Amino acid sequence: MKPDKQVKKEFKLEASKNPEKYYAVGVLKKHGYERKQCTSCNTWFWTVNTDQEVCGDSACSGGFRLFENNPCKRSMTYVEVWQEFAKMFEGFGYTPIDRYPVVARWNPTVDFTNASIAAFQPYVISGEVEPPARKLVIPQFSIRFGDIENIGITASHQTGFIMIGQHQFVSKDEWNQELAFENIVTWLTDGLGLPYEEITFHEDAWAGGGNFGPCMEYFSRGLELGNQVYMMFEQTPNGPQPLSLKVLDMGMGMERNAWFSQATPTQHHAIYPNVLKKLIAKTAIEVDEALMKKFIPLSGMLNIDEVDDIDEAWQQVADKLGIEVKSLKKKILPFSGVVSIADHTRTLLFALTDGALPSNTGGGYNLRILVRRALSFIDKFHWDVDLGDVCDWHADELHELFPELKEAVPNIRKILKVEENKFEQTKENIKSIVQKIISTDITEEKLLELYDSNGIAPQLIIEEAAKHGKEIEMPQNFFGKVAELHEQQEQIHATKKDYSLDLEGLPDTKALYFNDYAMTEFEGNVVRILGKDVILDKTAFYPTSGGQLHDLGTLGGVEVADIFKQGAIIVHRLKEEPTFKVGDAVVGNIDFARRQQLAQHHTATHIINAAARQVLGNHVNQAGAKKTEEKAHIDITHYDTISDEEIKKIEEIANKIVQDDIEVNLSFMPRGKAEQKYGMTIYQGGAVPGKHLRIVDIEGTDVEACGGTHLDHTGIIEKIKIVKANKIQDGIIRLTFTAGKAADHVEAAQGDLLGEAAKILECEPQQVPSRAAELFSKWKKAKKARKKGKELTKDDLTLSSTEVSSGDALAEAAEALSTQPEHIVKTLTRFKAELKP
């Protein structure tokens with residue numbers, strides 16, 4: 001298979017030789033367009049202007065030229081661009097749909113939705129899943145982190161933007177490329193009100209994900225307004241083949257269309273005018289709009305990704321403007337800081353609304369970069385700006401289009417406040433860190449390391465080093481390089497076994513455990529035996545997967561050691577080689593006590609997830625889980641530690657759900673139907689493959705796509721006991737719990753431990769926490785005294801506290817001793833022994 005860049009290059013050359021075959025030439029000629037080749041870059045383009053010699057790209061045509069005699073006949077606000085586009089295309093037979101979340105839970109290959117077509121990858125594009133509509137338009141908020149340093153400097157970069165998508169997912173017979181292109185021409189001429197003389201079309205190609213096809217870009221006054229990709233072919237080992245499903249991928253920046261229609265000094269004035277006005281007032285910066293209109297057409301020269309020497313580039317721009325570099329930066333950089341705050345908070349607003357969290361891993365790492373970069377501007381310029389307020393302003397400005405944003409603001413304020421506190425703590429550490437490294441060579445690699453390991457922005461290091469008389473150069477595209485370090489987050493905990501057996505020619509195993517967790521006996525036909533490994537045509541044995549351990553029992557009278565999946569085939573590994581043979585019908589018997597305990601733990605996992613979301617907020621999602629017979633845990637996303645009170649509340653809500661004996665509905669649904677009915681939060685703990693999803697619906701409580709064994713109703717769980725909560729990494733909290741008989745065993749064991757602790761401390765069980773705390777205090781005091789050679793008195797050793805615990809005595813005592821409940825007896829024994837004179 002060839003690399004995408006090579007495929008694009010080769011196909012673009014092929015298409016240029018036969019444009020009538022690959023582009024909507026008939027439409028272009030109907031409107032008076034003729035084909036030309038750019039004298040500057042050699043791109044093939046179409047124009048109605050007989051004297052036009054160069055293409056529409058800003059580099060060839062003289063930069064952005066939208067401020068003087070703007071050719072748009074219609075001025076539209078940011079929101080109006082989508083409203084007018086959706087109205088027009090609905091008339092063309094397209095269905096307007098709501099945006100997909102920016103957190104791409106359905107897609108195993110990416111953290112965030114980065115384009116409108118990404119909402120339908122990979123399953124709609126592959127034809128596995130039906131799209132919401134075969135012809136649709138969508139205002140998809142998209143996130144990209146590659147251009148962070150360009151925000152506020154160049155004219156066309158954002159970390160978050162709305163890509164208006166015009167999409168088709170149709171058969172060869174329904175495919176009409178010329179009509180799809182005619183529709184977008186109508187938008188340009190009637191929607192934006194551009195005359196044909198102001199529109200230039202470029203021939204191009206696109207390749208990605210194994211698919212490729214021709215592409216038509218459209219420009220006006222040096223600004224690319226959008227492009228249409230016609231996904232028509234796929235790469236195969238036998239060469240390019242036509243796709244059975246033809247895909248139209250038109251992506252158009254809502255920001256650029258709004259800016260172009262209004263001809264405001266910068267795109268930020270058009271995207272969020274109210275937010276920008278409030279930020280300018282709050283920061284009291286002065287914006288020279290006349291200078292901005294001259295600077296913006298040249299700002300592309302400062303693209304950090306394309307410039308070798310950024311200082312030289314600033315000098316060139318300043319020379320063209322007839323102004324000193326220092327004066328230019330003094331006017332531009334504060335505005336750049338303001339619009340960076342505006343851009344970053346808007347991206348954070350969408351991401352946090354959809355359940356993402358800043359962290360030091362995966363996509364959350366890039367969100368933390370945005371938070372800290374925004375805070376760094378506030379710190380650098382000494383501005384009185386609250387990021388939560390800016391998010392609220394954005395939510396107000398976008399309420400007509402995305403009302404869900406406003407509802408999320410209170411929780412987002414809490415998240416950002418925690419992040420701000422972490423940022424302040426980091427700043428406090430800078431002095432000691434700089435003192436340690438001030439005598440060394442502080443390179444770009446060292447600054448990247450300091451940010452990656454300590455979260456310290458380079459500007460803070462530079463400022464602190466300057467106090468010591470050391471000058472450090474600010475690296476180019478620093479945050480872009482940091483973003484590249486953290487691209488994809490892995491699930492925290494997965495229970496999956498990978499084997500490689502010779503199963504060629506076998507059909508998929510029919511799983512009988514999906515609809516009835518209580519099925520403990522079944523009959524299946526043996527289709528293959530490989531030593532101790534047996535494959536049946538159907539089975540009720542659950543294989544290790546989805547964080548749940550496998551069933552045990554017997555098969556044909558032989559004890560089962562393990563159950564696992566290889567692809568869609570379930571393998572039974574026995575403790576000894578069987579006497580039955582291929583073709584025999586054998587009976588399987590499942591250990592019901594183990595099955596029920598695992599099902600109790602699995603259904604309880606869903607319940608605790610729902611309860612945690614009620615207590616902590618809608619940002620809570622499952623990051624991983626494990627269910628064994630003895631206990632289970634669920635890893636949830638949360639931005640802070642969880643208090644004892646919150647744990648208690650989660651447990652109370654979970655047990656209320658158990659006591660209410662709610663029905664658990666299990667069903668298979670087409671993926672597209674399930675997503676449309678329940679939303680993308682059905683994907684907990686990772687994306688789920690397949691055309692059909694097994695939906696576990698605890699009525700009114702929780703709905704998830706899940707293949708595990710589940711109870712018929714919640715009452716069968718009996719009780720849920722949260723054993724402990726601990727932070728396993730930044731942004732991930734592990735809740736360890738038990739349910740059913742396992743919960744009884746834990747409570748009994750804790751009672752035994754508490755009793756033993758009470759004997760050691762010579763007190764009542766409810767007095768254990770206070771006595772343990774006092775013992776720990778005296779132990780530390782005695783340790784210090786002995787180091788100094790001091791004799792201990794009787795008062796030093798006597799425990800006198802009689803306080804009574806009001807909560808979980810064992811947990812409180814363990815916390816007082818800085819140990820785990822299961823280690824409390826050993827810890828107390830050691831401390832008591834060491835306190836003896």
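In this predicted model, the side chain of Lys36 places a polar atom 3.2 Å from the backbone oxygen of Asn49. Lys36 belongs to strand β1, which covers residues 34–37. Although Lys36 is buried, no salt bridge is found for this residue. The nearest side chain of opposite charge belongs to Glu53, at 4.4 Å, and this separation misses the salt-bridge criterion because the nitrogen and the carboxyl oxygen have to be within 4 Å. Glu53 nevertheless appears among the residues that Lys36 touches beyond its sequence neighbours. Also in that set are Thr43, Trp44, Phe45 and Thr47, along with Asn49, Thr50, Asp51 and Gln52. Asn49 thus has two entries in this description: its backbone oxygen lies 3.2 Å from a polar side-chain atom of Lys36, and Asn49 is listed as a contact of Lys36.

Strand β4 offers a second view of the interior. Eight of its nine residues are buried, so β4 is largely enclosed by the rest of the structure. On one side of the pairing scheme, β3 and β4 run parallel and are joined by two bridges, with Pro96 standing opposite Val137 of β4. The pairing of β4 with β5 (residues 160–170) is antiparallel and comprises nine bridges. Here Val137 stands opposite Gln166, so that Val137 has a listed partner in β3, Pro96, as well as one in β5. The loop that leads from β3 (95–96) to β4 (135–143) holds Pro122. The peptide bond between Gln121 and Pro122 is cis, its omega being near 0°.

Salt bridges come next, and the structure holds 35 of them. In one of these, the side chains of Arg99 and Asp354 meet with an N to O distance of 2.7 Å. Arg99 sits in the loop between β3 and β4, whereas Asp354 sits in the loop between α12 (325–353) and α13 (362–381), and the pair links distant parts of the chain, 255 residues apart. Both Arg99 and Asp354 are buried. A further pair is made by Glu198 and Arg221, at 3.0 Å from N to O. Glu198 is in the loop between α6 (177–191) and β6 (200–208), and Arg221 is in the loop between β7 (211–220) and β8 (223–234), so this salt bridge ties together parts that are 23 residues apart in sequence. Arg221 counts as buried because its relative accessible area is 16%, below the 20% cut-off.

Asp533 and Arg573 also form a salt bridge, and their closest N and O atoms are 2.7 Å apart. This pair connects two strands, with Asp533 in β12 (residues 533–536) and Arg573 in β16 (residues 569–574), at a sequence separation of 40 residues. The two partners fall into separate exposure classes: Asp533 is buried at 5% relative accessibility, while Arg573 is partly exposed at 25%. Beyond such pairs, salt bridges with shared partners join several residues into one network. The acidic members are Asp386, Asp389, Asp392, Asp396 and Glu420, and the basic members are Lys406, Arg413 and Lys417.

Helix α20 and the residue that comes after it bring in the backbone. With 16 residues, α20 reaches 22 Å from its first C-alpha to its last, close to the 22 Å expected at 1.5 Å a residue. Which residues of α20 are buried? They are Ile647, Ile650, Glu651, Ile653, Ala654, Asn655, Ile657 and Val658. An α-helix has 3.6 residues a turn, so residues three or four places apart point the same way. Among the elements that cover the buried residues of α20 are α19 (592–616) and β23.

After α20 comes Asp661, with a positive phi near 50°. Asp661 is not a glycine, and its place is in the loop between α20 (644–659) and β20 (664–670). At 39% relative accessibility, Asp661 is partly exposed. Glu718 is another non-glycine residue with a positive phi, in this case near 75°. Glu718 occupies the loop between β22 (702–705) and β23 (720–729), and its relative accessible area of 43% makes it partly exposed. The strand that ends this loop, β23, is also one of the elements that cover the buried residues of α20.

Note on methods
Residues are numbered from 1 along each chain as its sequence is written. This is a predicted model: local features need pLDDT of at least 70, side-chain atom pairs count only at pLDDT 80 or more; totals for chains, interfaces and linings use all residues. Side-chain values use heavy atoms; hydrogens and water are left out. Helices (H or I, at least four residues) and strands (E, at least two) are DSSP runs, numbered from the N terminus. Buried means under 20% relative accessible area, exposed over 50%, partly exposed in between (1.4 Å probe, protein chains only). Lys and Arg count as positive and Asp and Glu as negative; His and the chain ends are not counted. A polar contact is a pair of N or O atoms within 3.5 Å; within protein, one must be able to donate a hydrogen and the other to accept it, and residues adjacent in sequence count only if both atoms are side-chain atoms. Contact means heavy atoms within 4.5 Å. The expected span of a helix is 1.5 Å times one less than its number of residues. Two strands pair if DSSP finds at least two bridges between them.
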